[in-house]
Amino acid sequence: MNKTAFVSKEQIEEIVKEFPTPFHIYDEKGIRANAQAMKEAFAWNKGFKEYFAVKANPNPHLIKILNEYGCGCDCSSKTELMLSKAMGITGSDIMFSSNATPAEEFEYAAKLGATINLDDFTHIEFLEKTIGYIPETISCRYNPGGVFEVCNGIMDNPGDAKYGFTPEQMVEGFKLLKAKGAKHFGIHAFLASNVVQNEYYPMLAKVLFELAVKLKEETGVHIAFVNLSGGIGIPYRPDQEPCDIRAVGEGVRKVYEEVLVPAGMDDVAIFTELGRFMMGPYGGLVTKAVHEKHIHKEYIGCDACAVNLMRPAMYGAYHHITVLGKEDAPCDHKYDITGSLCENNDKFAIDRMLPEIEKGDYLFIHDTGAHGYAMGYNYNGKLKSAEILLREDGSAKLIRRAETPKDYYATLDCFDIFEKFDF
Ligand SMILES: *Cc1c(COP(=O)(O)O)cnc(C)c1O
């Protein structure tokens with residue numbers, strides 16, 4: 001696939017007059033088209049709902065766009081729940097999928113009427129003790145153990161993952177929850193991450209639908225929903241193809257008709273908690289080349305660093321880079337593209353073939369819409385960047401200002417030293 005930036009050099013030159021680099025920019029048109037396609041792909045299922053994984057991009061302006069297409073919020077902490085509530089997204093429009101959950105988070109989730117997805121068998125009693133009852137609608141996260149294979153390749157290793165109930169605990173858990181008053185049950189599993197093959201969701205659905213039938217038969221509970229969670233990937237690399245969400249939706253429908261319908265379970269709603277797929281491709285980090293260095297290798301230093309996008313430093317993740325204005329120039333120079341942290345892994349790309357880069361060029365680092373800004377940190381006193389929405393009419397709207405030194409030092413504001421900074 002030919003990866004192209006959704007902004008041009010000319011557009012960026014206009015935007016930087018008002019908002020200096022670095023910043024993450026988001027493509028409203030792309031977000032909307034994808035959310036619409038997602039909705040249509042699962043329209044066959046009456047109760048279908050996508051709960052956007054807030055951790056992937058907790059910007060309310062973006063979540064609001066998704067909400068227009070019926071998306072709720074998948075929250076993993078109290079702070080995320082607070083954002084959802086502030087946006088008016090409450091009750092069953094929230095899925096609370098957390099682990100090692102503190103009591104106050106269960107309390108707050110229950111207060112908002114969120115659907116709680118329990119990560120552990122012991123959380124059944126912990127939840128009951130904490131909030132004083134078991135909600136009528138409740139979900140449990142499943143961990144089958146072993147390895148999970150898609151297309152004859154091992155996708156992930158649930159046996160090593162800290163999440164979920166074992167198969168035996170699912171049965172015992174549903175019996176216990178039923179005895180404590182739960183009426184509508186959900187099953188959730190997240191068995192592989194960033195998978196672009198169309199087969200992932202249908203294969204996961206088969207595992208969960210078969211489990212749903214078994215749980216219904218063995219415990220007599222009403223299975224209200226199956227939550228396929230996140231995990232659909234995006235083509236970070238130019239040689240990858242994007243997953244075809246319509247084919248995914250059809251694949252899940254086929255398994256639904258094979259497994260659930262014959263078991264008389266044709267009222268089961270399908271839920272998803274996609275983060276990366278909903279937002280990843282529709283964000284880019286725009287940074288300026290500010291330094292070139294010729295030592296044992298060729299380096300281009302940028303005004304962004306791993307604080308703005310951690311994935312390459314953290315996982316060695318590939319992020320495609322476009323040198324804006326040089327889209328058609330030959331990639332005949334080999335560079336390491338770096339940030340300014342005192343960490344040698346602060347590199348957005350290593351040995352990357354790119355057009356010749358001059359100081360002042362703008363680099364567009366692709367696919368930062370999910371797990372980009374959100375993973376940011378403040379090492380070396382580096383500040384988080386602004387976020388900008390490129391609207392459908394081509395105008396740019398600031399949707400989060402850049403952090404200032406005062407923000408960075410704000411938690412010292414109760415001490416004398418706070419008065420002594422040159423803010
Ligand atoms: C991270 C996460 C998601 C979203 O994952 P993506 O890979 O971004 O789709 C969904 N659900 C849970 C419980 C998660 O932890």
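This text walks through the two domains of the chain, the largest pocket, and two buried residues. The model is predicted.

Start with the overall layout. The domain assignment splits the protein chain into domain 1 (28-280) and domain 2 (283-412). Their C-alpha centres lie 32 Å apart. The two domains touch: 20 residues from domain 1 and 20 residues from domain 2 take part in the contact.

Next comes the largest pocket. Its space is about 1000 Å³. A total of 42 residues line this pocket. Closest to its centre are K55, Y163, F190, S193 and R276. Two elements give two or more residues to the lining: α10 (276-279) and α11 (311-315). Sorted by class, the lining holds 17 nonpolar, 16 polar and 9 charged residues. Where does the largest pocket lie with respect to domain 1 and domain 2? Both domain 1 (28-280) and domain 2 (283-412) contribute lining residues, so the pocket lies between them.

Now turn to a single position, T368. This residue is in the loop that runs between β17 (362-365) and β18 (386-390). Is T368 buried or exposed? Its relative accessible area is 0%. Buried means under 20%, so T368 counts as buried. The side chain of T368 also makes a polar contact: it reaches the backbone nitrogen of L285 at 3.3 Å. L285 appears again in the list of residues that T368 touches. Leaving out residues up to four places away in sequence, that list reads H24, G280, G283, G284, L285, L309, H319 and Y373. For orientation, the assignment ends domain 1 at 280 and begins domain 2 at 283.

The second position is V252. This residue is in helix α9 (residues 245-260). V252 has a relative accessibility of 0%, so it counts as buried. Which residues does V252 touch, not counting those up to four places away in sequence? They are F42, W44, Y201, P202, A205, F209, L228 and I270. One more pair helps to place V252 in space. V252 and L204 are 48 residues apart in sequence. From C-alpha to C-alpha, V252 and L204 are 8.9 Å apart.

To retrace the route on the model, begin with the pocket between domain 1 and domain 2. Then find T368 in its loop between β17 and β18. Finish at V252 in helix α9.

Technical notes:
Residues numbered from 1 in each chain as written. Predicted model: local features only at pLDDT ≥ 70, side-chain atom pairs only at ≥ 80, totals over all residues. Heavy atoms only, no water. Helix = DSSP H or I, 4+ residues; strand = E, 2+ residues; numbered from the N terminus. Buried < 20%, exposed > 50% of the residue type's maximum accessible area, 1.4 Å probe, protein only. Polar contact = N/O pair within 3.5 Å; in protein donor to acceptor, adjacent residues only side chain to side chain. Contact = heavy atoms within 4.5 Å. 1 Å grid on protein atoms, 1.4 Å probe; cavity = no way out; pocket = protein on both sides within 12 Å on 5 of 7 lines; lining within 4 Å. Points joined across faces, edges and corners; volume = space filled by probe spheres on them. Nonpolar A, V, L, I, M, F, W, Y, C, P; charged D, E, K, R; others polar. Domains from an automatic or database assignment.
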